[in-house]
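This briefing is for a reader who is meeting the structure for the first time. It goes through the contacts, the sheet and the charged pairs by topic.

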Amino acid sequence: MKTVEQVELELNEKIPRSVVHERDGGGGRRLSYLPAHYVIYRLNTVFGSLGWSKEILELRLVENTTSKGTFPAYLAKVRLTINFNGEPVIKEA
């Protein structure tokens, strides 16, 4: 079983710049994001494939207006549950 300190060290490891993607955010801005497959990989590495789960609480279609036009985008509220030493730890954002 991992200690809190071990988990914190693993979660605080630097994310390789090569996995960070960017997209147009409107108003001349660029938005950085992590692809879902990398987040899943990272959670599996730290907690094991059976040590975490996610739940989409809300998914809303919105418009993303950029200098190139208006495009569909989504806002999501997600709950992440981690099984840490037999106890659930829940975070929502």
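Trp 52 touches Ile 40, Leu 43, Asn 44, Phe 47, Leu 80, Thr 81 and Ile 82, leaving aside residues up to four places away in sequence. The model is predicted. Trp 52 also belongs to the largest nonpolar core, together with Val 7, Leu 43, Val 46, Phe 47, Ile 82 and Phe 84. The points below start from this core and move on to the sheet and the side-chain pairs.

**Nonpolar core**

- The largest nonpolar core has 7 residues in all.
- Two elements give two or more residues each to this core: helix 2 (36-47) and strand 4 (69-84).
- Helix 2 makes the greatest contribution, with 3 residues.
- Leu 43 and Phe 47 are core members, and both are among the residues that Trp 52 touches.
- Ile 82, another member of the core, is likewise touched by Trp 52.

**Sheet**

- Which order do the strands of the open sheet follow? The order is 3-4-5, with 3 strands and antiparallel pairing.
- Strand 3 (52-66) and strand 5 (87-92) are the edge strands, and each of them pairs on one side only.
- On average, neighbouring strands of this sheet are turned by 15 degrees against each other, with direction ignored.
- Helix 2 lies across strand 3 and strand 4, and its direction is at about 160 degrees to strand 3.

**Strand 3 with strand 4**

- Strand 3 and strand 4 run antiparallel and are joined by 14 bridges.
- One of the residues paired here is Val 62, whose bridge partner in strand 4 is Ala 73.
- The connection between strand 3 and strand 4 is a hairpin that passes through 2 residues.

**Strand 4 with strand 5**

- Strand 4 pairs with strand 5 over 6 bridges, also in the antiparallel sense.
- Phe 84, a member of the nonpolar core, has Glu 87 in strand 5 as its bridge partner.
- Arg 79 has Glu 92 in strand 5 as its bridge partner.
- Strand 4 and strand 5 form a hairpin with 2 residues between them.
- Asn 85 sits in the turn of this hairpin and has a positive phi of about 50 degrees.

**Aromatic pair**

- How many aromatic pairs are there? The count comes to 1.
- Tyr 38 and Tyr 41 form this pair, with 6.0 Å from centre to centre and 45 degrees between the planes, which is a tilted arrangement.
- Tyr 38 and Tyr 41 are 3 residues apart in helix 2, so about one helical turn separates them.
- Tyr 38 has 10% relative accessibility and therefore counts as buried, the cut-off being under 20%.

**Salt bridges**

- The count of salt bridges comes to 7.
- Arg 30 and Glu 22 meet through their side chains in one of them, at 3.8 Å from N to O.
- Is Arg 30 buried, exposed or partly exposed? Arg 30 is partly exposed, with a relative accessible area of 49%.
- Its partner Glu 22 also counts as partly exposed, at 39% relative accessibility.
- Lys 77 and Glu 92 form another salt bridge, at 3.6 Å from N to O.
- This pair links distant parts of the chain, since Lys 77 is in strand 4 and Glu 92 in strand 5, 15 residues apart.
- Lys 77 is partly exposed, with a relative accessible area of 36%.
- Glu 92 is partly exposed as well, with a relative accessible area of 40%.

**Arg 79 and the network**

- The side chains of Arg 79 and Glu 92 meet in a salt bridge at 2.6 Å, N to O.
- Because Arg 79 lies in strand 4 and Glu 92 in strand 5, the pair ties together parts that are 13 residues apart in sequence.
- Arg 79 is partly exposed, with a relative accessible area of 24%.
- Glu 55, Lys 77, Arg 79 and Glu 92 belong to one network, joined by salt bridges that share partners.
- Arg 79 and Glu 92 are thus linked in two ways: as bridge partners and through the salt bridge of their side chains.

Notes:
Residues numbered from 1 in each chain as written. Predicted model: local features only at pLDDT ≥ 70, side-chain atom pairs only at ≥ 80, totals over all residues. Heavy atoms only, no water. Core = buried A, V, L, I, M, F, W, Y, C linked by side-chain atoms within 4.5 Å. Buried < 20%, exposed > 50% of the residue type's maximum accessible area, 1.4 Å probe, protein only. Helix = DSSP H or I, 4+ residues; strand = E, 2+ residues; numbered from the N terminus. Contact = heavy atoms within 4.5 Å. Phe/Tyr/Trp six-rings, centres within 6.5 Å; stacked < 30°, edge-to-face > 60°. Pairing = 2+ DSSP bridges. Axes fitted to C-alpha atoms, helices over the stretch in contact; angles between N-to-C directions. Salt bridge = Lys/Arg side-chain N within 4 Å of Asp/Glu carboxyl O.
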